[in-house]
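I opened my notebook for another session with a model on the screen. Here is what I looked up, in the order I got to it.

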Amino acid sequence: ILEKENLLLILHEIPSAEDATRKGVLFWRNANGEWKTDASGAGKAALKDHVQCYLKRHDELERQLAEASTSSQYFKVLEELTPIRRAGTNLHHALQSAREAVGNDILIIEMRDLAEDVRRNYDLMLEETRNTIDFKTAQAAEAQSKQSHAALVASHRLNILAAFFFPLMTVSGIFGMNLRHGYE
């Protein structure tokens, strides 16, 4: 929001998967170019720290993704990643709007570019996570298909044995197993 050379940025703290509410963080630049915030820290440094937090959280999620081996671990990363990605996209849009409204403010341009990195990194991580889940699902389906095929082959062999021995058992059931051969 820009009014009489005063800029108000309303951004979000990094959301968590457990908490559906979003906490706002206010950054205000007055007409003299001084920055203030309701977050911890002072002015310009607080805005930089805010955007840097998104990058730090990305690194943590990337580590979790690299260590994941089960579907529940992949879905946990996906669950945490989705709201952060949305907030990162909104962060970029807010800073882009501020850039368009303010003009050539170096801090806004720098933070907008950093927010673009945040948005792109989270988009790529989301795509990678979804692709990994799809790959693991296809891999499990392929393994299950191989097991089903092996069971089908074993069942076919059993059916061939049954087809061969069923007539013999029927004949022996009708005529009996004791054939006379003279040595009784």
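**Entry 1: a salt bridge in α1**

I started with Arg63, which counts as partly exposed at 44% relative accessibility. A reminder to myself before going on: this is a predicted model.

What does the side chain of Arg63 meet in a salt bridge? I found Glu67 there, at 3.4 Å from N to O. Both Arg63 and Glu67 sit in helix α1, which runs over residues 43-67. They are 4 residues apart, about one turn of the helix. I also looked up the cover on the partner: Glu67 has 54% relative accessibility, so I noted Glu67 as exposed, the cut-off being over 50%.

**Entry 2: helix α2 from end to end**

Next I went along helix α2, residues 71-102. I read off 32 residues and a reach of 46 Å from the first C-alpha to the last. That is close to the 46 Å expected at 1.5 Å a residue.

Where does α2 bend? I located the bend at Leu81, and its angle is about 25°. A proline, Pro83, follows Leu81 within four residues. Just after α2 I came to Gly103, whose phi is positive, at about 110°.

**Entry 3: salt bridges that involve α2**

I then turned to the charged side chains of this helix. Glu80 and Lys76 meet in a salt bridge, with 2.7 Å from N to O. Both residues belong to α2 and are 4 residues apart, again about one turn of the helix.

Is Glu80 buried or exposed? I have Glu80 down as buried, because its relative accessible area is 8% and the limit for buried is under 20%. Lys76, on the other hand, is partly exposed at 44%. I followed this pair a little further and found that Glu80 and Lys76 are linked with Arg57 and Glu60 in a network of salt bridges.

My next stop was the salt bridge between Arg85 and Asp123, at 2.6 Å from N to O. This pair links distant parts of the chain: Arg85 is in helix α2 and Asp123 is in helix α3, 38 residues apart. Both ends turned out to be partly exposed: Arg85 has a relative accessible area of 30%, and Asp123 has 21%.

How many salt bridges does the count come to? I wrote down 11.

**Entry 4: a nonpolar patch and a ring pair**

I finished at the surface, with Phe164. Phe164 has its place in helix α3, residues 106-175. Its relative accessibility is 52%, so I entered Phe164 as exposed.

Which residues form the nonpolar patch on the surface? My list reads Leu161, Phe164, Phe165, Leu168 and Met169. Together these residues have about 540 Å² of accessible area. For Phe165 I noted 40% relative accessibility, which counts as partly exposed.

Then I looked up aromatic pairs, and the structure holds 1. The pair is Phe164 with Phe165: the ring centres are 5.0 Å apart and the planes are at 80°. I called the pair edge-to-face because that angle is over 60 degrees. So the two phenylalanines appear twice in this entry, once as members of the patch and once as the edge-to-face pair.

How values were computed
Residues numbered from 1 in each chain as written. Predicted model: local features only at pLDDT ≥ 70, side-chain atom pairs only at ≥ 80, totals over all residues. Heavy atoms only, no water. Patch = residues over 30% accessible without salt bridge, like charges linked within 9 Å, V, L, I, M, F, W, Y side chains within 5 Å. Areas by Shrake-Rupley, 256 points an atom, 1.4 Å probe, with all protein chains shown as cover. Salt bridge = Lys/Arg side-chain N within 4 Å of Asp/Glu carboxyl O. Helix = DSSP H or I, 4+ residues; strand = E, 2+ residues; numbered from the N terminus. Buried < 20%, exposed > 50% of the residue type's maximum accessible area, 1.4 Å probe, protein only. Expected span 1.5 Å × (residues − 1). Bend = angle between axes of the 7 residues up to and from the residue. Phe/Tyr/Trp six-rings, centres within 6.5 Å; stacked < 30°, edge-to-face > 60°.
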